[in-house]
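Me: I've got this one open in the viewer and I'd like to go through it piece by piece. Can you take my questions as they come?

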Amino acid sequence: MQIAENDDFGSEEITLFADLILPVPVAQLFTYRVPRVINPFIKNGARVVVPFGKNRVVTGVVAKIHQTPPTKYQARYIAELLDDEPLVTPYQIELFHWIADYYLCTVGEVLNVALPSGLKITSQSKIQYNPDFEYYDLLTEEEANLLEEIKKYQSLTYEEVEKRVGATNINHIIKSLIGKRAIILFEEVKEKYKPKVLKKVKLNGRFETRENLMELIAQLDKFPKQQEIIMSYVSQVPIQNVPYSNRAGLEKSFFTQNEAFSDSALSTLIKKGTLEEFEVTVSRFADVAPDFSEGTNIHLTTAQQRAFDEIITQFQSKDTVLLHGVTGSGKTEVYINLAQQVLASGSQVLFLLPEIALTTQIVVRLKKVFGDKLGIYHSKFSDNERVEVWKGVVSGQFQLVVGVRSAIFLPFDSLGLIIVDEEHESSYKQYDPAPRYHARDVAIVAAQRQQAKVLLGSATPALESYYQALNGRYGFVQLLERYGKANLPEFVLIDTKKERKSKKMKFEFSSVLINELQEALNRNEQSIVFQNRRGYSSYLQCEECGWIGECENCAVSLTYHQKDAELRCHYCGHKEKVPKLCPGCSSTKVRTVGFGTEKLEDQLKIFFPTARIARMDLDTTRAKNAYKEMIEDIEQGNVDILVGTQMISKGLDFENVSTVGVFDADRMIHFPDLRSAERAFQLITQVSGRAGRRADRKGRVLIQTGNPSQKILQKIITNDYIGMYEEEIKERENFKYPPFTRLIKLTVKHFDQTTALQSAQKLTQLLLEKMGEDRVLGPQPPLVERIRNRFLFDILIKLEREKVNFRAAKAFILEKVTDILTDKTLKGTDVTIDVDCL
Ligand code: ADP
Ligand code: ZN
Ligand code: ZN
């Protein structure tokens with residue numbers, strides 16, 4: 001529907017206004033006037049295209065329709081209505097508001113992240129000469145001249161007019177030309193989404209009878225190439241036995257992509273009408289076909305069944321249940337059974353997974369069970385694919401969606417269950433841009449609004465979740481045995497200090513680890529070597545003068561990547577060539593310090609020259625299917641030793657892995673972050689969970705450390721989650737950290753260091769006045785003090801859960817941040833707000 005601004009004629013007499021959510025970072029809804037012709041069609045949740053600012057056109061979503069004109073400005077007209085049926089549900093609009101409110105951002109920012117960009121419109125206002133225009137004598141000379149120019153073109157944007165005419169400030173002339181109807185203003189809007197269509201051919205219906213078909217073939221004796229096509233068609237489509245199979249036809253590419261068939265013969269057949277061409281829209285997800293032959297009817301073990309029953313019972317009194325199930329206990333099977341039950345009752349299911357786990361075996365498994373009902377929502381997917389899932393949820397095709405954190409924004413309207421697998425994963429939190437939301441927490445709110453249930457699952461729950469389970473806010477179910485008599489792996493701590501003293505270390509490897517890897521090779525078993533740092537080595541340093549390669553934009557050292565002889569910044573992507581001589585003192589003694597996956601891979605090749613070694617990290621999995629292909633390779637036994645970052649710790653299920661080596665545990669444990677102990681526990685437990693998944697493969701996990709007596713290591717090797725929990729939760733309580741408080745982090749940024757500091761200090765001062773010193777910490781520079789040339793300062797705000805009115809406190813913070821942002825003496829300051837930053 002195309003509507004120009006002045007078209008307010010129409011049958012409906014009332015004047016309607018619509019409050020719109022626009023994808024702009026302004027904290028308000030915008031009121032537009034509804035052209036009367038679309039009065040009968042406009043609905044909440046429909047997308048509209050509107051002019052915004054001077055020459056911009058944006059897609060908004062209708063949040064409210066009413067009859068009150070705005071008081072502060074003259075409402076502009078909605079340019080176009082895109083949907084007859086809402087694409088955004090009322091429940092979503094509410095949720096978007098809640099998110100904006102809770103995470104202190106704008107609804108527009110939420111919308112911007114929520115809508116796949118294929119559902120947004122990009123376009124500009126365009127103008128065009130009106131061929132029906134007659135009243136030339138009404139025009140001024142200026143207008144007439146401009147009109148002559150515009151006539152020469154099909155259509156032009158405002159900017160193009162200026163360029164072509166070589167004049168500026170002609171907007172007012174254009175406006176008056178529009179007013180006089182000499183030119184037409186229109187919005188060239190294109191939906192970016194394009195359905196994928198397949199070209200097919202079928203036989204004309206006449207030939208569905210046997211006689212006619214025979215006659216046709218006989219007639220074509222004179223045209224053997226055409227005859228061949230028809231014969232092949234008939235052999236592919238069983239039209240003689242199943243006449244209606246002709247309706248589905250055959251893909252045209254069957255002929256066009258096979259050299260044996262003549263293209264011109266095909267066109268002739270189509271021209272004559274013997275074959276008919278047609279198109280069908282196909283799903284982009286057809287590549288994983290549902291397979292009902294194997295494994296769809298897995299029977300739960302006694303332990304799994306007990307967990308399943310307990311979850312159901314708990315759901316009767318709790319909205320959220322935490323399932324603490326050790327690695328390899330078969331949580332997925334429990335999820336599948338629950339999902340089946342919910343789907344059978346007619347409700348929808350959302351299954352959230354951390355980004356990387358989505359490309360693993362679990363999705364194949366779900367596809368096998370749920371077939372076409374399953375939608376997959378991955379951030380690596382093309383936009384078209386994401387739009388298809390969105391529309392599939394609206395249309396009811398996808399009753400179940402498995403997806404990454406942003407799947408929480410999909411337009412569900414009758415959710416029964418949200419499963420959050422690996423709920424402790426930090427990738428559920430979005431850091432940039434706003435909204436800085438946590439998908440697990442949003443899931444709980446989203447579920448509440450639809451009377452749905454939430455199941456959180458993990459082998460190593462987040463402290464917060466475990467705390468809520470222990471104090472009864474969440475239900476709590478445990479599954480503490482592995483499937484199929486497999487045992488949890490055995491742990492060995494290797495003292496690298498001792499090994500170094502007795503000169504047994506070879507490069508980064510202890511003799512113990514090398515021996516174990518060798519033995520695994522001898523037994524034809526697979527091993528995993530885990531180092532949570534990619535690249536070759538941590539950094540480059542000059543032995544003479546101490547020079548260290550640092551990023552020119554960020555305050556971090558550059559990581560050495562040997563393969564490309566480059567130094568790279570892992571924060572901003574900056575790259576430079578490795579210097580031949582020290583830039584500080586021209587010495588040649590520049591050496592690498594520390595090690596990453598690339599270096600370990602190289603060393604392994606020296607120790608085990610005949611072993612097949614693969615590396616899995618951000619650098620080796622950039623290509624679209626690289627990750628998937630690597631997993632298949634490992635599954636098929638083509639890899640003996642896999643070196644990788646945390647990427648290998650998530651959801652992988654390889655039954656032949658027996659040995660896991662863990663490097664740099666100390667760095668994980670001592671990383672200066674409140675969560676480091678918890679994170680180290682989670683990460684090492686997850687990685688070790690890859691070992692010994694089969695009853696006859698005893699798993700061994702070898703952890704290299706400079707100090708084996710560290711408490712947290714003892715907890716890890718005895719699988720003592722509860723011990724770790726108790727230790728850590730005590731600390732949290734002592735130092736007043738979540739879950740006992742709520743944390744908000746403000747990050748002040750500026751290109752000039754002094755101004756950054758001034759802004760941060762002033763903001764701190766403003767906050768302190770009302771909140772007090774116990775609640776406001778900082779300002780202090782974060783671990784990396786400068787990123788992309790901007791200097792950063794953090795202010796941490798701690799709010800007690802009981803005493804503080806969270807809402808009021810946030811409103812106060814927002815007000816003070818706004819003061820800083822609008823302070824003329826602090827121009828150029830940017831402040832980001834991160835609610836529940838930890
Ligand atoms: P978790 O997610 O708890 O680490 P998984 O769900 O990956 O564990 O299960 C581990 C392995 O055991 C998988 O290969 C899975 O197919 C298998 N498995 C689990 N439960 C069953 C069952 N009831 N019947 C058959 N196989 C099972
Ligand atoms: Zn030097
Ligand atoms: Zn950088």
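Me: What is the strand order in the open sheet of seven strands?
Reply: Keep in mind that this is a predicted model. The seven strands make an open sheet, and their pairing is parallel. Reading across, the order is E14-E15-E13-E16-E17-E12-E18.

Me: Which strands stand at the edges there, each with a single partner strand?
Reply: Look for strands that have one partner, so that one side is left without a neighbour in the sheet. From one strand to the next the twist averages 15 degrees. The edge strands are E14 (374-377) and E18 (475-479).

Me: Which residue is the bridge partner of Thr320 in E17?
Reply: Strand E12 covers residues 320-325 and strand E17 covers residues 453-458. The two pair in the parallel sense over five bridges. In E17, Thr320 has as its bridge partner Val454.

Me: What angle does the direction of helix H12 make with that of E16?
Reply: H12 (residues 331-344) packs on the sheet and touches E12, E13, E15, E16, E17 and E18. Its direction and that of E16 make an angle of about 170 degrees.

Me: And what about helix H14, what angle does its direction make with that of E14?
Reply: H14 (residues 383-395) packs on the sheet too, touching E13, E14 and E15. With the direction of E14, the direction of H14 makes about 140 degrees.

Me: On to the ligand. Which element gives the most to the shell around ligand 1?
Reply: The shell has 16 residues, and the closest are His299, Gln304, Gly328, Thr332 and Asp653. One element gives three residues to that shell, the most of any. That element is H12.

Me: How many Å separate a polar side-chain atom of Thr332 from an oxygen atom of ligand 1?
Reply: Let's take the polar contacts in turn. A polar backbone atom of His299 is 2.8 Å from a nitrogen atom of ligand 1, while an N or O atom in the side chain of Lys331 is 2.9 Å from an oxygen atom of the ligand. For the polar side-chain atom of Thr332 and a ligand oxygen, the distance is 2.7 Å.

Me: How much of the accessible area of ligand 1 does the protein cover?
Reply: On its own, ligand 1 has 560 Å² of accessible area. The share covered by the protein is 78%.

Me: What is the order in the open sheet of six strands?
Reply: This sheet is open, with parallel pairing. Strands E19 (490-495) and E26 (613-616) stand at its edges, each with a single partner strand, and the twist averages 20 degrees from one strand to the next. The order is E19-E29-E28-E20-E27-E26.

Me: Which residue in E29 does Gly661 stand opposite?
Reply: Strand E28 (residues 657-662) and strand E29 (residues 700-705) run parallel, joined by four bridges. Opposite Gly661 in E29 stands Leu702.

Me: Which strands of the sheet does helix H22 touch?
Reply: Helix H20 (residues 626-635) packs on the sheet by touching E20, E26 and E27. Helix H22 (residues 676-688) packs on the sheet as well, and its direction makes about 165 degrees with that of E20. The strands H22 touches are E19, E20, E28 and E29.

Me: Is Val784 buried or exposed?
Reply: Val784 sits in the loop between strand E31 (776-780) and strand E32 (786-787). Beyond its neighbours within four places in sequence, it is in contact with Ala555, Val556, Tyr571 and Leu792. Its relative accessible area is 8%, and buried means under 20%, so Val784 is buried.

Me: How far apart are the C-alpha atoms of Val784 and Tyr571?
Reply: Along the chain, Val784 and Tyr571 are 213 residues apart. Their C-alpha atoms are separated by 9.2 Å.

Me: Which residue in E34 does Lys749 stand opposite?
Reply: Strand E30 (residues 741-750) has eight of its 10 residues buried. It runs antiparallel to E33, with 10 bridges, and antiparallel to E34, with six bridges. Lys745 stands opposite Leu796 in E33, and in E34 Lys749 stands opposite Asp830.

Me: Last one: what is the relative accessible area of Thr832?
Reply: Thr832 is found in strand E34 (residues 830-835). Not counting residues up to four places away in sequence, it touches Arg436, Lys745, Leu746, Thr747 and Lys749. Thr832 is buried, with a relative accessible area of 15%.

Conventions
Residues are numbered from 1 along each chain as its sequence is written. Chains are lettered from A and ligands numbered from 1 in the order in which they are written. This is a predicted model: local features need pLDDT of at least 70, side-chain atom pairs count only at pLDDT 80 or more; totals for chains, interfaces and linings use all residues. Side-chain values use heavy atoms; hydrogens and water are left out. Buried means under 20% relative accessible area, exposed over 50%, partly exposed in between (1.4 Å probe, protein chains only). Contact means heavy atoms within 4.5 Å. Two strands pair if DSSP finds at least two bridges between them. Axes are lines fitted to C-alpha atoms, for helices over the stretch in contact, and angles run from 0 to 180 degrees between N-to-C directions. A residue is near a molecule or strand if one of its heavy atoms lies within 4 Å of it. A polar contact is a pair of N or O atoms within 3.5 Å; within protein, one must be able to donate a hydrogen and the other to accept it, and residues adjacent in sequence count only if both atoms are side-chain atoms. Accessible areas come from the Shrake-Rupley method with a 1.4 Å probe; for residues, only the protein chains shown count as cover.
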